[in-house]
Amino acid sequence: MDMKEVVYVVSDSVGETAEFVVKAVATQFNGGQVDIRRNSYVEDEEDIEDVIMVAKQGRSIIAYTIVVPSLKAYLDKRAQEEGIYAVDLLNPLMNAFEKKFNKEPNHRPGMMRKLDDEYFRKIEAIEFAVKYDDGRDPRGILRADIVLVGVSRTSKTPLSMYLAHKRYKVANVPIVPEVKPPDELFQVPRSKCVGLIISPDKLNEIRTERLKALGLGARANYASYERILEELDYAEKIMKRVGCPVINVSNKAIEETAGLILDILKSERSFG
């Protein structure tokens, strides 16, 4: 009876990249017949020796992603001594980067995991922004990194999503004269809160266009100057009560406003 082929995946990090590559190749050779065994977080020569000892006893290959030069050299040497086929999955491409782009590799394990962690933090922040958009759940106000306050159509939602992509958890709270602001808003440190204001003319223009897009008449109270002035006056009183810094978003792009928000909050936290 033939011995089953084994590929030992060896990595000084998690080893997910190496395992993925091995599986992709294995599918071209009736992949179900290959036993893939992952050896993660290899840190020293003793860890490598453990793999060498089991790999030399059967029909096997070692596929590895090791970026620490001394460990790579030791694995290559021991594999050659024991007659084991060892494949470096990273070095050819790292050499290409080094020669073609004239850059030196960091030789630090776990960098891919760091990128993964940043990615998942971004996804978590985006989910947070969606969940706590437009004051849906006031509990998010106290959990947020940044709280945005303003009347309707001051770009609170787009700003929340933009900042979420930079891994900030953002909650936004709409200010409406007929609705009492949530108590949580007045419990937030001023170093986390920013008020968004806008000129009456600009807000009238934005709301009028919004009504047209919805097929509603431009005369609706939502876009009237009287209503707009009432809302802005009320919002200003709430922002003063909160004690938060304020940004005028009238003619600013989302990116510009987001940059100002981060600058302001950084300054507030430095001096707070």
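Here is a chat between a trainee and a mentor about a predicted model of a protein.

Trainee: Let's start with the whole thing. What makes the protein more spread out than a compact globule?

Mentor: Set two numbers side by side. The radius of gyration is 29 Å, while the globule rule gives 19 Å for 272 residues; 29 Å is well over that, so the protein counts as more spread out than a compact globule. You can also look at the box that the C-alpha atoms fill, roughly 85 × 45 × 40 Å along the principal axes.

Trainee: And what is it built from, how many helices and strands?

Mentor: There are 10 helices and eight strands. Of the 272 residues, 36% count as buried. The surface comes to about 16,200 Å², and carbon and sulfur atoms supply 52% of it.

Trainee: Which strands make up the sheet that holds strand 1?

Mentor: That one is an open sheet of four strands in the order 2-1-3-4, with parallel pairing. The twist from one strand to the next averages 20 degrees.

Trainee: Why are strand 2 and strand 4 called edge strands?

Mentor: Look at how they pair. Strand 2 (34-39) and strand 4 (85-88) each pair on one side only, and that is what puts them at the edges.

Trainee: How do you know that strand 3 and strand 4 really pair?

Mentor: Count the bridges. A pair needs at least two bridges, and strand 3 (residues 60-65) and strand 4 have four, in the parallel sense. For one spot to look at, find Ile61, which stands opposite Tyr85 in strand 4.

Trainee: What lies across that sheet?

Mentor: Helix 3 (residues 69-82) does: it lies across strand 1 (5-11), strand 3 and strand 4. Its direction is at about 170 degrees to strand 3.

Trainee: Now the other sheet. What is its strand order?

Mentor: The order is 6-5-7-8, again in an open sheet of four strands with parallel pairing. Strand 6 (170-174) and strand 8 (246-248) are the edge strands, each pairing on one side only. Neighbouring strands here are turned by 25 degrees against each other on average, direction ignored.

Trainee: What makes strand 5 and strand 7 a pair?

Mentor: Use the cut-off of at least two bridges. Four bridges join strand 5 to strand 7 (residues 193-197), and the two run parallel. Val147 stands opposite Cys193 in strand 7, and Gly150 has Leu196 as its bridge partner there.

Trainee: How many bridges join strand 7 to strand 8?

Mentor: Three, and these strands run parallel too. Leu196 turns up once more here, with Ile247 as its bridge partner in strand 8.

Trainee: Why is strand 7 called mostly covered?

Mentor: Four of its five residues are buried. To count as buried, a residue must be under 20% relative accessible area.

Trainee: Which helices lie across this sheet's strands?

Mentor: Helix 7 lies across strand 5, strand 6 and strand 7, at about 175 degrees to strand 6. Helix 9 (residues 225-242) lies across strand 5, strand 7 and strand 8, at about 160 degrees to strand 7.

Trainee: What does UniProt list for "binding site"?

Mentor: Its unreviewed entry lists several residues, including Gly150, Ser155 and Lys156. Ser155 sits in the loop between strand 5 (146-150) and helix 7 (156-164), while Lys156 has its place in helix 7.

Trainee: Why is Lys156 called buried?

Mentor: Buried means under 20% relative accessible area. Lys156 comes in at 6%, so it counts as buried. Its contacts beyond four places in sequence include Asp134, Asn172, Pro174 and Leu196.

Trainee: And why is Ser155 called partly exposed?

Mentor: The partly exposed range lies between under 20% and over 50%. Ser155 has a relative accessible area of 28%, so partly exposed is the right label.

Trainee: Last one: is Ser191 buried or exposed?

Mentor: Buried. Its relative accessible area is 19%, and the cut-off is under 20%, so Ser191 passes. You'll find Ser191 in the loop between strand 6 and strand 7. Ser191 and Gly243 are 52 residues apart in sequence and 9.6 Å apart in space, C-alpha to C-alpha.

Conventions: Residues are numbered from 1 along each chain as its sequence is written. This is a predicted model: local features need pLDDT of at least 70, side-chain atom pairs count only at pLDDT 80 or more; totals for chains, interfaces and linings use all residues. Side-chain values use heavy atoms; hydrogens and water are left out. Axes are lines fitted to C-alpha atoms, for helices over the stretch in contact, and angles run from 0 to 180 degrees between N-to-C directions. Contact means heavy atoms within 4.5 Å. The radius of gyration is taken over C-alpha atoms; the globule rule is 2.2 Å times the number of residues to the power 0.38. Buried means under 20% relative accessible area, exposed over 50%, partly exposed in between (1.4 Å probe, protein chains only). Accessible areas come from the Shrake-Rupley method with a 1.4 Å probe; for residues, only the protein chains shown count as cover. UniProt positions are given in the numbering used here, feature names are shortened, and annotations may be inferred rather than shown by experiment.
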